[in-house]
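Work through the exercises below with the sequence and the coordinates open beside you, and attempt each task before reading its solution.

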Amino acid sequence: ARPGMALAWPGVVESATPSVVSVIIEKPARSATGPSASQFFDFSIPGFEFVPNQPQTDVPSEDGESLVQVGAGTGFVVSKNGLILTNRHVVQDKEATYSILTRDGQKYEVEILGIDPVNDLAVIKTKETVDLPAIKLGSSDSIKIGQTVLAIGNSLGEFSNTVTKGVVSGINRRVTAGDSYNAEVIDQAIQTDAAINPGNSGGP
């Protein structure tokens, strides 16, 4: 970092955090607990929080059946009309219902517009018309090893932003997540030592 940049990090966080949202994963109560829970949660992915057998919400779905929260991740608004980026593994359960929770406590249902399994990315959008603060996207083309990294997310599934700091440890890395039965490989990843806690997945 350039001299004096350390003083700028709080400003970077302050400008980015209004665009960071919680991604709430809910399922019908009958399928969200016990051994019948989705096999998506059978292995651990860094940054993703699975809420086992402990429903955190109990709201009716469109057909009147109760929904319970089974997981949480993070996303960030890239267009004020409600386009949001997150990780694909956050929204890959086809039996789940997804919504976002903004920093000011507004909850919106979202639909999945597209997924990129190679890069573990997903684009989601609010179902209703919104005007949300969008984050400014950067480019990874000029990243250098040793540069400072800030990771913003909703640690432990809480609905407030947390920030960790680290450096770029490596570029063009191959990363394997999961276990021997459900391993996923991501190529050309940027490696960082910034702490990624449960619930941080999908954050900027």
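**Exercise 1: the two sides of a helix**

The face of α1 turned away from its buried side carries the exposed residues P10, E14 and S15, where exposed means over 50% relative accessible area, buried under 20% and partly exposed in between (1.4 Å probe, protein chains only). The model is predicted, so that local features need pLDDT of at least 70 and side-chain atom pairs count only at pLDDT 80 or more, while totals for chains, interfaces and linings use all residues. Residues are numbered from 1 along each chain as its sequence is written, and side-chain values use heavy atoms, without hydrogens and water.

Task: Which residues of helix α1 are buried?

Solution: In α1, which spans residues 9–16, the buried residues are W9, V13 and A16. They lie on the same side of α1 because they cover an arc of only 70° around the axis, taken from the directions from the helix axis to the C-beta atoms.

**Exercise 2: the strand β1**

Task: Which residue of β4 is the bridge partner of S22, and which residue of β6 is that of I25?

Solution: Begin with burial: nine of the nine residues of β1 are buried, so β1 is largely enclosed by the rest of the structure. Next, take the pairing, which requires that DSSP finds at least two bridges between two strands. β1 and β4 run antiparallel and are joined by nine bridges, with T74 of β4 as the partner of S22. β1 also pairs with β6 in the antiparallel sense, over five bridges, and here Y98 of β6 is the partner of I25.

Methods
Helix = DSSP H or I, 4+ residues; strand = E, 2+ residues; numbered from the N terminus.
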